[in-house]
Amino acid sequence: MTPIYDPVNGTPVSSTITWFSDSPLAERNCNVLAVSQPILTPEALAKMYRPQNQVDKAELNAGWLDSSRSLMEQGIQKEDKLLLRYKYYSFFDLNPKYHISKLSQLSEPQDFTNEQDVDEVEAALASLEVTLEGGKIDRILEDITDIPKLADYLKIFRPKKLTLKAYKQYYFIFKDTCLSYFKNKEASQGEPIEKLNLRGCEVMPDVNVAGQKFGIKLLIPVADGMNEVYIKCHNETQYAKWMAACKLASKGKTMADSSYPTEVYDIQSFLKMKNVNSVPQVMHDSNALDMNPESLVSRKYLKKLKTKQLTARILEAHQNVAQMTLVEAKMRFIQAWQSLPDFGVSYFLVRFRGTKKDELLGVSYNRLIRIDMATRDPIVTWRYSNIKQWNVNWEIRQVEIEFDQGVAIALTCLNADCKIVHEYIGGYIFLSTRSKDQNETLDEELFHKLTGGQE
């Protein structure tokens with residue numbers, strides 16, 4: 001395919017722009033999507049649907065169109081208006097040099113410009129080459145086979161009914177994908193009190209920077225659901241290292257993975273953004289500023305704080321990004337968004353086979369989550385990597401999924417067509433097969449094979 005370039009600044013143009021080659025969008029300004037949208041008026045905000053909880057968010061997913069059929073086949077007429085949104089939360093290849101429009105539309109993931117495009121084997125080979133050149137023959141084998149570990153005193157709490165939240169301090173060792181803890185450092189040479197395998201677990205931050213609270217919430221899958229465990233760290237540095245190790249372990253990766261240093265840096269950057277006292281404060285006259293806090297924060301905060309208080313808090317937080325360029329600030333915003341516990345989870349109201357109660361299904365980029373409607377807590381998690389097969393019974397509109405170790409589930413979607421859930425699962429599995437090669441050709445046939453269906 002012959003590359004297309006922006007006539008204004010010479011940057012590569014997305015192939016999507018060619019769909020509108022006869023429109024003013026292509027003729028006048030190919031970069032219109034790279035421009036931040038204007039702040040909405042209170043009147044416009046009042047007309048918008050703003051979900052308050054996970055059930056409300058599930059309603060948003062009922063409107064997705066079928067990607068395997070044309071717009072006309074789905075009853076879309078000439079004057080109808082459609083809302084374009086990013087559907088899949090897999091942003092592994094964001095680059096400020098090429099994805100200005102995507103950054104502006106998302107204004108959210110990690111700064112992948114620092115990520116090394118090497119895996120653990122390549123990193124080991126590179127380390128071997130350096131070591132050979134340096135002549136340190138006696139440490140070659142040790143360097144390659146050694147898996148990094150963390151060891152320090154932390155506090156742990158396991159919730160039980162009718163008990164107070166009391167943490168106890170133990171000596172922890174994190175190695176491979178397992179977290180072990182002992183009575184003290186001297187006892188770490190023997191058997192641990194408990195060894196937790198974090199592969200496939202849910203990892204959520206339990207942090208309050210202002211209150212110096214640095215906790216990690218773990219939901220570890222077991223045969224009958226999820227075990228809840230809380231880990232408390234002593235400071236930001238300790239939290240960033242252990243949190244990064246937990247997040248990688250949940251994906252089946254160790255601290256030997258090349259993404260570990262980047263993960264630690266991203267967590268530290270996120271904590272710095274939340275700490276409004278980390279930079280000198282600049283006083284502003286809030287009355288002189290053209291700011292509409294209602295368009296920048298959720299209704300929850302609008303009820304708690306007055307407009308002047310919100311404006312002051314926003315200005316304080318702004319000091320953390322004030323010295324950055326617009327693109328850097330957007331990348332940092334995306335990184336902070338990805339660090340939130342519910343990032344990338346699309347919700348559906350479902351009923352599982354064999355039950356009579358309504359539940360929530362969370363669909364993420366790497367897993368499915370069964371969520372209790374009353375408490376909003378995860379009940380069990382299933383990873384895509386463990387899926388053997390899935391299909392849809394179109395007659396009764398039921399999605400059936402079979403996992404490893406004889407686990408099978410079936411569910412009916414109550415607030416949307418089951419085809420949407422099927423397309424989400426297939427789309428994420430398709431995206432997981434992509435490489436980071438910028439020149440990779442999109443395999444549209446495979447995408448439609450995984451997301452389509454014969455009704």
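A residue counts as buried when its relative accessible area is under 20%. Keep that cut-off in mind as we tour this predicted model.

**Stop 1: the whole chain**

Start by showing the whole chain as a cartoon. You will be looking at 13 helices and 14 strands. How much of the chain is buried? Buried residues make up 38% of its 455 residues. Now switch on the surface: the accessible area comes to about 27,600 Å², and 52% of that belongs to carbon and sulfur atoms. Contacts tell you about the fold too. Take the contacts between residues at least 6 apart in sequence, and 52% of them join residues at least 24 apart.

**Stop 2: Gln238**

Next, select residues 236-250, which form helix H7, and pick out Gln238 within this helix. Is Gln238 buried or exposed? Its relative accessible area is 7%, so Gln238 is buried, since the cut-off for that word is under 20%.

Show the side chain of Gln238 as sticks and look for its polar partners. One of them is the backbone nitrogen of His234, which lies 2.6 Å from a polar side-chain atom of Gln238. Another is the backbone oxygen of Tyr153, reached by the Gln238 side chain at 3.5 Å. Now add the wider surroundings: apart from neighbours within four places in sequence, Gln238 is in contact with Asp152, Tyr153, Leu154 and Cys233.

**Stop 3: helices H8 and H11**

Two packed helices are described by the angle between their axes and the distance between those axes. Try this on a pair by selecting residues 260-274 for H8 and 326-338 for H11. Their axes are 10 Å apart, and the helices pack at an angle of about 100 degrees. H8 and H11 are therefore roughly perpendicular to each other. To see where they touch, show Tyr265, Asp266, Ser269, Phe270 and Met273 on H8, then Arg332, Gln335 and Ala336 on H11.

**Stop 4: helices H12 and H13**

For the last stop, select residues 418-432, helix H12, together with residues 444-451, helix H13. Here the angle is about 140 degrees and the axes lie 7 Å apart. That angle makes H12 oblique to H13. Which way do they cross? H12 passes H13 in a right-handed crossing. On the H12 side, the contact is made by Lys419, His422, Glu423, Gly426, Gly427, Ile429 and Phe430. Color these, then add their counterparts on H13: Leu446, Phe447, Leu450 and Thr451.

Conventions:
Residues numbered from 1 in each chain as written. Predicted model: local features only at pLDDT ≥ 70, side-chain atom pairs only at ≥ 80, totals over all residues. Heavy atoms only, no water. Helix = DSSP H or I, 4+ residues; strand = E, 2+ residues; numbered from the N terminus. Buried < 20%, exposed > 50% of the residue type's maximum accessible area, 1.4 Å probe, protein only. Contact = heavy atoms within 4.5 Å. Areas by Shrake-Rupley, 256 points an atom, 1.4 Å probe, with all protein chains shown as cover. Polar contact = N/O pair within 3.5 Å; in protein donor to acceptor, adjacent residues only side chain to side chain. Axes fitted to C-alpha atoms, helices over the stretch in contact; angles between N-to-C directions. Parallel < 35°, antiparallel > 145°, perpendicular 65-115°, else oblique. Left-handed = near helix turned anticlockwise from the far one by under 90°.
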